[in-house]
Amino acid sequence: MITFTLSLVALVVGYLVYGRIVERIFAPDDRPTPAVSMADGVDYVVLPGWKIFMIQFLNIAGTGPIFGAIMGAKFGPSAYLWIVLGCIFAGAVHDYLSGMLSVRHGGAGLPELVGSYLGKRTKQVMLVFSVFLLLMVGAVFVYSPALILGKLCGDSLTWVYAWCVIIFAYYFLATMLPIDKIIGKIYPFFAIAMLFMAVALMVVLFAKWPSLPELTDGLGNMSPQSGTIFPCLFITIACGAISGFHATQSPLMARCMKSERQGRPLFYGAMITEGAVALIWATVSMYFFYGGAAEELGVPATLQAPEVVTTVSQGWLGVFGGALAILGVVAAPITSGDTALRSARLIIAEFLHMEQHTIRRRIYICIPVFAFTLALLWFNIADENGFNIIWNYFGWANQTLAAFTLWTVTVYLVRKRKFYWITLLPAMFMTAVCTAFLLISDNSFGLPTIVGYVSAVIVFILSGILFAAWIRNKNLRIKS
């Protein structure tokens, strides 16, 4: 619990100190934001700051900081280090600068930003890459809540299919309607419920003060079957540390900000909050797997992430906690899925230069988007291993997207003669992580672990050398 406590304090200090440093490097000002200068009543709508924070938090969180932290806790205390350091120096920086870059470019989506700084070819790759990632999110986050809700109604698959239809219908409405009509009204409620559950569990942890694995015990892998700490930990815990999916969501809120000065609490602050949620669930999980909580609750310590959430919440928080657990496990993925598809619509519309003020033009894009998502959903249901296949590809694609985003922001900082090391080092690191995971993962090349390690070192060094050569070629230097 000492490591957990110090980690929470570190996140707060990181927001107050490093967050301020990052903000000063970017230098927000009083220029009109897209929500003001491009207001259309559909996607460009000024919303209250507190509401934007709640929507952004739920957009980027979903079940990621819960399930990822539960699975990542099996790696041991190293999970604490990755959540804290990753969140402060990579994830929150990634979210803040990608969000603010979108504000400076008229609320542009990620592929447009990538194209502006990494070239048109990269933009085309990222367009396909990011849209496919968003559609995978939409498909995965239909089936998992439908499965849970279906089991609550009965064991028949008919109920699961019925809930898939209901959730899909909601997705269509949330994607089509103005952002303040559905998303702006219900998201804050779900976000408050998710935060309340996390805080309640934190209070229980401090009250129990269990004996848990600490950093002083070492960084050994406590679950070798989960993979190696590098790179598997850095892929498993994504949303609680750094996630490329966030860069596809931030433009939604960049179109709703009244002032650039709202950026640090909205983007950097939402990521720090998500990191705190991940810390809480990582600690709950260490208690569950290694501290005796499973035995206290009368269940095996081999439960999967959704079962851990439900069991712990009901056991520690009673009936009300169980209701919150269902709300978190069901509502969170649904709210991530609908904004993922909304982002896909906007990215495609931006690429096609198709205005989205009229319903008819929104429908033109929504039809193929939902058709492809439906095909992925069918594969998810028809293949018994479909969910795991899609999720594994999503995990790698998510972190690869984060690496591209970090390189994009780094080029922006270089061109503006700003201190670019705050994104260059995370970009190099995430590039190495994604390369190593691609090489050693059983779902890709399946090479020996040592190959992944050596390749990661080479990629890290080589990416730095190539970037330095690019700066020298462009004759760009930063302010000292």
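Let's start where helix H5 meets helix H17 (residues 421–440): their axes come within 10 Å and cross at roughly 115°. That angle makes H5 and H17 roughly perpendicular to each other, and the crossing is left-handed. On the H5 side, the contact is made by Trp82, Phe89, Ala90, Val93 and Leu97, while H17 brings in Ile422, Thr423, Pro426, Phe429 and Met430. Sorted by class, the H5–H17 contact has nine nonpolar residues, one polar residue and no charged ones. Keep in mind as you go that this is a predicted model.

Two numbers do most of the work in descriptions like this, since two packed helices are described by the angle between their axes and the distance between the axes. Try the pair again on H5 (residues 78–104) and its other partner here, helix H12 (residues 263–290): the axes come within 8 Å and cross at roughly 155°. An angle over 145 degrees counts as roughly antiparallel, so that is how H5 and H12 run relative to each other. The crossing of H5 and H12 is right-handed. As for who takes part, the contact of H5 with H12 has 18 nonpolar, five polar and two charged residues.

Now stay on H12 and look at helix H1 (residues 2–26). The axes of H1 and H12 come within 10 Å and cross at roughly 165°, so H1 and H12 are roughly antiparallel to each other. Their crossing is right-handed. The H1 residues in this contact include Phe4, Leu8, Leu11, Tyr15, Tyr18 and Arg20, and among those they meet as a group in H12 are Arg264, Tyr268, Ile272, Leu279 and Ile280. Glycines take part too, including Gly14 and Gly19 in H1 and Gly269 and Gly275 in H12. The residues of the H1–H12 contact divide into 13 nonpolar, six polar and three charged.

Next comes helix H11 (residues 245–254). How many of its residues are buried? The count is 10 of the 10, so H11 is largely enclosed by the rest of the structure. The buried set includes Phe245, Leu252 and Met253, but also His246, Thr248, Gln249 and Ser250.

In the loop between helix H10 (229–236) and H11 you'll find Cys239. Cys239 is buried, with a relative accessible area of 10%. Leaving aside residues up to four places away in sequence, Cys239 touches Ile60, Ala61, Gly64, Pro65, His246, Met271 and Glu274. One of those, His246, is a buried residue of H11. There is also a long-range pairing in sequence terms: Cys239 and Gly68 are 171 residues apart along the chain, yet their C-alpha atoms are separated by 7.3 Å.

With a buried cysteine in view, it's natural to ask about disulfides. A disulfide is a covalent bond between the sulfur atoms of two cysteines. How many does a search of the whole structure find? Zero. Take Cys87: its closest cysteine sulfur is in Cys239, 11 Å away, which is too far for a bond. Cys87 is itself buried, at 0% relative accessibility. Cys256 tells a similar story, as its sulfur is 17 Å from the closest cysteine sulfur, in Cys366, again too far for a bond. Cys256 is buried as well, with a relative accessible area of 0%.

Conventions:
Residues are numbered from 1 along each chain as its sequence is written. This is a predicted model: local features need pLDDT of at least 70, side-chain atom pairs count only at pLDDT 80 or more; totals for chains, interfaces and linings use all residues. Side-chain values use heavy atoms; hydrogens and water are left out. Axes are lines fitted to C-alpha atoms, for helices over the stretch in contact, and angles run from 0 to 180 degrees between N-to-C directions. Helices (H or I, at least four residues) and strands (E, at least two) are DSSP runs, numbered from the N terminus. Angles under 35 degrees count as roughly parallel, over 145 as roughly antiparallel, 65 to 115 as roughly perpendicular and the rest as oblique. A crossing is left-handed if the near helix is turned anticlockwise from the far one by less than a right angle, and right-handed if clockwise. Ala, Val, Leu, Ile, Met, Phe, Trp, Tyr, Cys and Pro count as nonpolar, Asp, Glu, Lys and Arg as charged, and the others, Gly among them, as polar. Buried means under 20% relative accessible area, exposed over 50%, partly exposed in between (1.4 Å probe, protein chains only). Contact means heavy atoms within 4.5 Å. A disulfide is a pair of cysteine sulfur atoms within 2.5 Å.
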